[in-house]
Every structure is written in structure tokens, then in C-alpha cells.
Amino acid sequence: MADKIFRVNMSDLSTTVEPVPAAWMGLGGRGLTSTVVATEVTPTCHPLGRHNKLVIAPGLLSGTQAANSGRLSCGAKSPLTGTIKEANAGGSSAQMLAKLGVKALIIEGKPHDESKWYSLHVTRDGVTISEESEVIGLGNFATVKTLNQRLGEKVGVITIGPAGEMRMSAANISIKDPDSHLRSGGRGGLGAVMGSKKVKFISIEPTNEQVQIADPEAFKTANRLFAKALVDNPISKALAQYGTNVLVNIINESGGLPTRNFTKGQFEGHEAISGETMHDTIVARGGKPKHNCHQGCVIQCSQVYNDLNGNYKTSGFEYETIWALGADCCIDNLDHLADADSLMDDIGLDSIETPVAFAVAMEAGVLKFGDGAELCRILKEDVAKGTPLGRIIGNGAASVGKAFGITRVPVVKGQAIPAYDPRAIKGIGITYATSTQGADHTMGYTIATNILGVGGKLDPLSKEGQVELSRNLQIATAAIDSTGMCLFIAFAALDDATCLPALIDMINARFGISLTADDVTNLGKTILKTEHGFNLAAGFTNKDDRLPEFFAEEPIAPHNVVWDISDAAIDSFWDF
Amino acid sequence: MRITVKLFAYFRDNRFKQREMEFPAGTRVEDIILSLGINLEEVGVTMINSRHCELFQVPNDHDQLAIFPAIGGG
């Protein structure tokens, strides 16, 4: 069965199944969502208007037996940044869509009657649109529970919470995982785009069909090598034991852990929120230190974190979430952090943007730094219910800064800067500044080389070499994001010579083609240029590729350094 | 010389989180690591006073030495 484009028009409630245009055949994941958005979306359109499109695409290897290939890409013009956007997450939907032959699902238009809500149901034959009322207004957990009862436990679900229904700029798109918990396509407010189309959820019919492999033997051989490279990598092992939160202590030690709304580089309470403490807490309460967010993951960086009584509280409890609630908001209590993480998953909020917005609100005096109970109360009583304060916070850090007249607002292109201070870790500052999607560490994770000694070493405090490092990583990341692979394969790919060739061999065996490493690099370059071109056409210039001025003026302890990479050096990023 | 040694992740198992330790002048980072029974191959990152350092470097009196296994996340 050949892959198809499934298209849904919410203006006239029509659906079609179309052949894949030749130009899109070699694309998947982010490469495909960004190409469709750049081709079909007017760059100057309102992100919540009828001219924007939400594009959902599995990766090139999704639905196969390839290890760690379960990421689903969602793309659109972002209501948070105004740029092109792709957010990807694990869960079961990428694999299910790929097995149904869905190359991409494109949701366009907007209903004229805004009083009605709809759901989409995807089968191999196409998409059915239905009016929906039962789950409207429900949180994500209740929505998944209701749909499991209505459609069966095996149904795939892509959904938005109240934040997406209210079209908040920090709203995420949530994807059901194998345990009926949630993974989040978090950044850039794509949940608001889905809400603007009046689509509450997309359900996916389970199937026994398999993705066709052109050369099954070659595929199996390559996958064996690939999985071995992942399993043997020492970083994979540490991720399984401590989760991504293993980073709290090392980033704190390096002096690059943004603390108290980016006024310090180290947090006194780091040990209480660290991966080491989290691991011991999970074990003591009968949780699971390791857990997979999608079938076929061999790294298992997720976990099951239980509350004091040993009951399930949250999973996918990530370093960036813990940093933002912990160091940035100065809350040194893991249980408050877990409460807030679960609430944000249920409301459908980006767990980076939202706590960074809270830290700005703390600086504004809306609540006190360190007050985890009050943060959770505001999430429940204001953000989830859409009070004026809740909407200000739910629209992100820049929104809070503007509403309260705060100048120390850590955003680039309107998107909150995550868990690594660009003054003390300069490579990541280049990524924040030049990323096609606003501040986002995952776009070019220089922390690997600046801090972790992966893919070589580059002094985080030096100005030299940072642009080149960020460029190379952003190109490689754009390519990886197109395969459906989890980005954490990069730790093995950067240091194990067998990993990347095995990945390319799998793509070749899947489609019966003969890509080389250069082809993959060129794919990454093309994706970045496509995204950059969309942003330029939307009105962005190189002057938008800048960090907020306080980074250049306020030295950060302990190294007492400022952001000091020149504008010309930043602009040279695009010289390729 | 007196060094504050900090250990992280599984290097803490059956050892410690942080300890003040006395070493002869001229002791290198790798000597300190070996004295703790840690396999050099498992060491991912070392820092002296929050700056990355090499295994052959010699800390000064009252320095802080942080020793991490290979870790990652993000």
C-alpha cells in the first residue's frame, strides 16, 4: 500500500486522500511538515486563522521495527513565535499512522460556526469528521480515558487540553503513549492551532498492517547494528537510570543553570531536584526509574514517578521541566514539581514555556519565588479555567513580561529560553538566536560538546567555534527530526562510528534507495533553509536573531560572564 | 593540599556525594579518581571550580573537583 496524503478541510468539513507529490516522497517528520507549511501556508497569515495549516507527519522510519523510531512531528505557523514550527513527541501515533499509510495528515481551513467542536478519526481509507461534545472542556487524561472506553484501549489518540481549546500560545499537542499516559509536542503553541480548527482530538484506528520494507534482510541487519550502538552507549545507560534529569547537577556545577528568573547560574536547592534524588525517590516509592514512551525504544529515559502514597503521579518528568519549575522558579520540592508536571500535561501546556512564564510572574510579584503550592493553585484555578491571569500566563513568558512591564524576559522570537544559560554556555546561545523556531535547545544541542564532552569538547565560556558547532548540530538535527528517530540517538551517533551509517542503511533498505551521508547532510541544510525562507517571507530579519539585551548587560554568577558574541558572528550562521 | 571532591550519578554508589580530602601537593586529577576506585574509562566529565579540566591537571589547595560519569539528556 503506497503512502498517501490525508487532507482535512475544516471550512467545508470535507476530506480527501491524495497521492504523495514527487517532491515530498523523500521526506518525513519535520522535513515534511516544514516543506508542506512552507509550500501551502501564507507566511504572513494569522497563526490562528483559516490560512494556517496543521501538518502531522510520522518520520521516514516510523512504523518499522527500527529502534527509537516512534516520534511524531506536528508543524504549522506558530502562534507563539510567528515563525514556522515543528514539535515532535513519542507515544504510539507515529507508528500507527505510518502503518495506515499516512505520509502526512494536513488539517486546513476553519469552521465558520465557532460554537461547534469536532473530532477526526483516521483509518486506512481516510478521515471521518464528527461533531464532538462529550470530551469538550475535559483535561487530557479524562479525554484519553473516555476515548479508550468509547473506541477501545488500543485506539491512537492525539489531543488538546483546555489550553488548546482556549487557543493559548503555550498549548501543546498531546499524544497517547502505550500506557495511556501522554507525550507532548510541546513547543510553540501548536495546540492552539489545533484548537483554532475546532478539532479536540484525532483518533487512529489500530491496524495489523505492516509498513512495507524494500529490502527486509538489509533492514534487519542495519537495525541490529543501530540498536547495539544505542544500547552500548554509556549515556543511554545513564538516561535509563536517572532520566534526562541527570543534567541538573552537571549544569549547576558548570554555572549554567538559570536560576531565579535567569539572575544566577547555580541553584542552592539543586540536590533536592536532581536526577540522583529523583532516582532514589522513585525506587523508594515503588515507581519505575526507566520506562519507554513508545514501543521499540531501547534507551527508556522516561520513568514512572509515584507520589508519597505510592500512587502514579507522572512520567516523562524531564530535566527542562524540573529546571524551569525548580531552579528558575526556585521550588526545591520534587513533589510540587511532579504535581505541576501532571497538571500541565492534563491542561495541555508546554512544560518549558509555562514555568518560565511563572518565573517572570514571580519577578513581577504575582506569586513568591519558591511557592510551589501557589503555582499549582494558579494552574488549576486560573490557567485551566481561563481567567484573565490564567490566559496571561498560558500565553507564555513574553506575554507575562508585557502584561506586568518586566524587562528580564528570557525569550527569543517570543519563545522561552530553556534550561541552559547562554552567558555561561555560549554555543547554546547561538542556537537560541538562530533557530528557525525561537529559543529551543533541541534545535542544535551544543550542550553535548560544550558541557558533556560528546562529539568532542569546546569550552562553553569561549567565543570561538560556537557558531560552527551550532550550525553543524542544527543541520544534523533537522535530518534526524525527519526520520522519526528520537533525538537521543545523537549521543551514540556523535561518538560511535557504526551508528549513523546503520541509520542511513535502514532508510535505504526501507525505500530501496541509496542515500549517502552527504545526502543526509544536504537534507538537513535544505530543511533549515526552507524554514528560514518561510520566516523571512513572514517578515523576520537577522535583527530577530538576537538574545534579549539583559544577557549582554547582567553578568551571571559564578563565572560573572555576559553574552558577548557579536551580531556579525551570529549572522554568519547562515553562511552555508 | 585540601580538595573538596564531589561525585555524581552512580559514582556515588558506595562512596559519597561530597567530601573534603587531603592529597599530597602535585596530585593529578586522574590520581584522585583512581584513589577512589573509579575506572578512568567510565569518567565522562571533570571540572575544577566549575571549569572543565583534563585528567593530567593538578588542582590547587582548596579547589573543588567534580567527577561525572558519561551522562547526557536534554
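A salt bridge is a side-chain nitrogen of Lys or Arg within 4 Å of a carboxyl oxygen of Asp or Glu. The model is predicted: local features need pLDDT of at least 70, side-chain atom pairs count only at pLDDT 80 or more, and totals for chains, interfaces and linings use all residues. Residues are numbered from 1 along each chain as its sequence is written.

**Exercise 1.** State how many salt bridges cross the interface of chain A and chain B, and give the N to O distance for Arg51(B) and Asp459(A).

Solution. Step one: the rule finds four salt bridges across this interface. Step two: Arg51(B) pairs with Asp459(A), with the closest N and O atoms 2.9 Å apart.

**Exercise 2.** Describe how much chain A and chain B bury between them, and which residues of chain A lose the most area.

Solution. Step one: buried area is the accessible area (1.4 Å probe) that two parts lose on being put together, summed over both. Step two: the two chains bury about 2000 Å², 58% of it on carbon and sulfur atoms. Step three: on the chain A side, Ile250(A), Glu253(A) and Glu276(A) lose the most, together 27% of what that side buries.

**Exercise 3.** Find how many residues each chain gives to the contact.

Solution. Step one: contact means heavy atoms within 4.5 Å. Step two: chain A gives 31 residues and chain B gives 22 residues.

Conventions
Chains lettered and ligands numbered in written order. Heavy atoms only, no water.
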